[in-house]
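Me: I have a model open in front of me and would like to go through it step by step, with the reasoning spelled out. Could you take my questions one at a time?

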Amino acid sequence: MEGLNLIATALAIGLAAIGPGIGVGIIVAGALQAMGRNPEMENTLVQYMFIGIAFTEALAIFGLVISFMIAFGVIQ
Amino acid sequence: MSGRMRTLVVVVVLLAVAVLSRFFLYSGDPHVEVAPEELFAIGGFSVTNSLFTALLVDIILVVVALLATRNMQLVPRGVQNVMEMIVEALYNLFRNLSPKFINQVFPLAASIFLFVLVSNWLGLIPGGSSIGVCHAAGEEHSARLALVREGEYAGAIRFAPAAAEGDNPYTTCPSGYTLVPWLRPPSTDLNFTLALGLLSFVFFEYWGFRTLGIGYLKKFFNLNGVMSFVGIIEFISEIMKPISLALRLFGNIFAGEVLIAVLTFLVPLALPMPIYGFEIFVGFIQALVFALLTVAFLTIATTSHEGEHHGDEHGSAARAH
């Protein structure tokens with residue numbers, strides 16, 4: 001059971017990181033492109049970029065919390 | 001020696017020191033606990049270390065606010081100047097997102113930002129998670145979030161003057177006891193972050209009802225073809241808002257603490273320092289994101305889904321820029 005718990009912990013965060021990783025990349029790429037085209041908007045763009053990153057990153061954080069719960073025995 | 005060579009030498013020396021420190025310095029096993037630990041109980045009400053730290057953050061904020069407003073002047077100096085700068089920057093930031101409701105949302109969002117920021121950074125103070133009280137290792141007291149561990153040298157700090165003959169030269173908990181740190185940032189306690197998320201949830205639901213009246217519910221429940229299905233999805237995502245707010249803050253800050261603990265266990269010197277800087281940044285960003293999302297959710301909740309309001313919103317957005 002110990003080994004299976006370790007595998008579950010690693011899979012929970014590992015799989016959860018795939019999508020948000022791609023998503024954050026797309027968000028930052030779009031924001032940088034927009035800033036390059038229109039540097040005056042930088043302050044507003046950074047603000048919206050962080051909101052978008054926060055939404056995307058939340059998915060990875062869900063996986064992280066699940067993996068913590070498995071690792072520290074909150075759920076078996 | 002050119003600048004690049006010097007940088008390279010510094011990096012190599014630091015890495016060598018970091019690797020060698022693994023063999024010479026004693027660092028305990030990282031011990032991580034999800035739930036906060038009880039420090040003492042007042043008549044059955046258990047005071048956990050995260051609650052204790054939350055009260056400490058309150059005191060810090062109140063004292064700073066009192067200092068800043070004690071002797072207010074038209075041309076600000078010192079603490080007043082700094083606080084005015086912070087508040088003004090926050091005000092401009094939130095006004096961009098929600099120009100109509102800035103007066104209603106600003107006190108809550110700014111308080112959330114300052115509270116979460118101070119509590120995130122309080123957990124990064126060195127020694128904060130390794131100074132505490134020894135509790136008998138029972139089922140309830142066997143937990144802590146620190147670089148201390150059970151056994152002979154739990155929480156070991158060398159204490160030279162006490163090295164009398166036969167004495168333990170380390171200030172440490174006796175075996176069978178574990179160390180419960182005094183300070184634990186409230187953001188690493190899911191109870192606190194969920195409470196904050198629910199507070200923000202109740203706030204923007206209230207303003208949604210107050211602005212749109214009973215029509216606010218039309219977003220969730222209507223029998224208008226495909227919109228009825230969209231309503232169900234909207235409803236689920238509305239329920240998920242406080243949960244995702246809570247888990248985001250908890251996950252980020254807790255993961256940072258665990259990362260620093262594990263890295264310090266692997267490589268005691270040099271390598272944890274950049275991570276420390278990164279965690280300072282993360283603590284700031286997460287505090288900002290929590291406040292910004294509160295404002296953004298308020299804007300979403302107070303925006304009607306009918307057509308004529310869209311044009312109105314574009315107009316105000318254009319004015320804001």
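Me: Which residues of H5(B) are buried?
Reply: This is a predicted model, so every value here is computed from it. A residue is called buried when its relative accessible area is under 20%. In H5(B) the residues that meet this description are Phe192(B), Thr193(B), Leu196(B), Gly197(B), Ser200(B), Phe201(B), Phe203(B), Phe204(B), Glu205(B), Trp207(B) and Gly208(B).

Me: Against which helices do the buried residues of H5(B) pack?
Reply: H5 of chain B covers residues 190-212 and spans 32 Å from its first C-alpha to its last, close to the 33 Å expected. Its buried residues, among them Phe192(B) and Trp207(B), pack against three partners within chain B, namely helix H4 (102-122), helix H6 (226-266) and helix H7 (272-301).

Me: Which residue caps the N-terminal end of H5(B)?
Reply: Beyond the other end, just after H5(B), Gly213(B) takes a positive phi of about 70°. At the N-terminal end, a side-chain oxygen lies 3.1 Å from the backbone nitrogen of Asn191(B), and the residue that supplies this oxygen as the cap is Asp189(B).

Me: How many Å² do chain B and chain A bury between them?
Reply: The contact involves 23 residues of chain B and 16 residues of chain A. Carbon and sulfur atoms carry 79% of the buried area, and the area that the two chains bury between them is about 1800 Å².

Me: How many salt bridges are counted between chain B and chain A?
Reply: The side of chain B that touches chain A divides into 16 nonpolar residues, six polar and one charged. Three residue pairs are in polar contact between the chains, both residues being at pLDDT 80 or more, whereas the count of salt bridges is zero.

Me: Which helix gives the largest share of the side of chain B that touches chain A?
Reply: Helix H3 (78-97), H6 and H7 of chain B each supply at least two residues of that side. The largest share, ten residues, comes from H6(B).

Me: Is Arg248(B) buried or exposed?
Reply: Arg248(B) is found in helix H6 of chain B, and together with Val34(B) and Leu247(B) it supplies 23% of the area that chain B buries against chain A, more than any other three residues. Leaving aside neighbours within four places in sequence, Arg248(B) is in contact with Ala54(A), Phe55(A), Ala58(A) and Ile61(A), as well as Gln286(B), Val289(B) and Leu293(B). Because its relative accessible area is 3%, which is under the 20% cut-off, Arg248(B) is buried.

Terms used:
Residues are numbered from 1 along each chain as its sequence is written. Chains are lettered from A and ligands numbered from 1 in the order in which they are written. Side-chain values use heavy atoms; hydrogens and water are left out. Helices (H or I, at least four residues) and strands (E, at least two) are DSSP runs, numbered from the N terminus. The expected span of a helix is 1.5 Å times one less than its number of residues. Buried means under 20% relative accessible area, exposed over 50%, partly exposed in between (1.4 Å probe, protein chains only). Contact means heavy atoms within 4.5 Å. A polar contact is a pair of N or O atoms within 3.5 Å; within protein, one must be able to donate a hydrogen and the other to accept it, and residues adjacent in sequence count only if both atoms are side-chain atoms. Buried area is the accessible area (1.4 Å probe) that two parts lose on being put together, summed over both. A salt bridge is a side-chain nitrogen of Lys or Arg within 4 Å of a carboxyl oxygen of Asp or Glu. Ala, Val, Leu, Ile, Met, Phe, Trp, Tyr, Cys and Pro count as nonpolar, Asp, Glu, Lys and Arg as charged, and the others, Gly among them, as polar.
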